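Trainee: I'm new to this one. Could you take a close look at a single part with me, the salt bridges, and talk me through them?

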Amino acid sequence: NALSGGVSITGVVASFPNLPPIRSALVSARISPDRIYLEPATVDTEGNGTLQVSGDYSLTDHGAHVSFSPVDFSVKQLRNTLEAWFDSAPALGAFRDGLITGKLMNDHGGVDESAWSGQFRFSEGRLVLPGLAMPLTGAEGRVEFDTTGLDVDRFSASLGGKSVSATYHRNADSNGPQRLHIDLPEADLADLESALEPALRAQSFFARLGVTRRSIPAWLATRNLRGDLVIHRFSTNGVPLGALRSHLNWQGTSILFSGFELTLPAGAIEAHGRVNVAASSPHYQFTATVTGYPWKGGVLDAQGQFETDGVGTDALQNLQADGMFAGQNVSLGPEDLFEKVSGGFHFSFENGWASLRLANVQASEGNEDWTGEAASQSDGKLIFDLESSGRQRHVVSTLEPKTVDESSALDGQAAVR
């Protein structure tokens, strides 16, 4: 005859290596001819919160289903417990601390046939993610996952003291891209570089010196991510610039920016390009367009390409930029107002200071057109040498984007002979 009925055990204590004992005041099970069903049992642990465990086991195909229902339970203790009983729950891998409420389920169909699924919310979390130099703290959000993928929404945390909000989606298909949307109220370029340093720069001493090639970690080599980044108040070196929006496609050591928009207090910058992080420091190649930028009392538009290597001040010192510009109503000196001015430019720090060279300059002043070139000096002065109908004109201006009236440091002057 088939066995059926029920059993109850009081004062259950389970012990695992390197884990505090797990206790339950009462564990009850129902037995049928083909299945054993474990009724929900409350597990008592040394921490706060509660954890209920239930499940069933098939006597015919030996498949098992176990459900864990934590309420404000330690995510660290839950993760360690699940790993001791079964295997790693993929949705908990990044957690180091925090509280979790929800349900996690494990279906075991035989040897090496274990599948996790669940829905839960978390709070007070500390997460360690590959590629970030510092943990995410004070994290909270919601997670839903199964064998087809993982979704995180309503996520918020602190990264290096700055607030961050995000959503995340990952398909089970290893060939499909992960999708990430990040929203930051404010961020400085230096903060972003510090947070992403493991991805941007080689971590070994000799690779940073250029003695050996960079060793690409597995998490970077296999990265396949499409994302959007929004920074409402973006700055560089503490100087506010405006709102930034960007679309990126990160595959391995190549980060492609298909859209980059920076809305300045006056004017805007749009760009697209690529960052390569295969070497000891990142290499940047971008094409950018500047529109409506205020300069010398007028408005400046420009487009061109720039290239550089490194992070922080190194990236600035290695910068090379070439392109074309056009301006309207530009005051280069106290008596030098040009209705239109245009030409080509080359910018670098090749001599240790901001070096700007302008070629094929076309400048219109009233009914007179001037042509020539210009170059900056180490003291910040921008010297124009212009010609019109055999007449020479020498204009001294500055690189500062201020008008003559706004800055007494302009010290512009002109001589025509």
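Mentor: Here is a walk through the salt bridges, a few pairs at a time. Keep in mind that this is a predicted model. Side chains of opposite charge can pair when their charged atoms come close. Search the whole structure and you find ten salt bridges.

Let's start with Asp-56 and Arg-35, whose closest N and O atoms sit 2.7 Å apart. Asp-56 belongs to strand 4 (residues 50–58) and Arg-35 to strand 3 (residues 35–43), so this pair ties together parts that are 21 residues apart in sequence. As for its surroundings, Arg-35 has 34% relative accessibility and counts as partly exposed. That label fits because partly exposed covers the range between buried, under 20%, and exposed, over 50%.

Now hop along to Arg-201, which pairs up with Glu-197; here the closest N and O atoms are 3.8 Å apart. That still makes the list, because the cut-off for a salt bridge is within 4 Å. Both partners get a partly exposed label: Arg-201 has a relative accessible area of 24%, and Glu-197 comes in at 26%.

Further along, the side chains of Lys-381 and Asp-379 meet in a salt bridge at 3.6 Å, N to O. Lys-381 is partly exposed too, with 26% relative accessibility. Besides these pairs, there's a little group to look up: Asp-336, Glu-365 and Arg-393 are joined into one network by salt bridges that share partners.

Key: Residues are numbered from 1 along each chain as its sequence is written. This is a predicted model: local features need pLDDT of at least 70, side-chain atom pairs count only at pLDDT 80 or more; totals for chains, interfaces and linings use all residues. Side-chain values use heavy atoms; hydrogens and water are left out. Helices (H or I, at least four residues) and strands (E, at least two) are DSSP runs, numbered from the N terminus. Buried means under 20% relative accessible area, exposed over 50%, partly exposed in between (1.4 Å probe, protein chains only).
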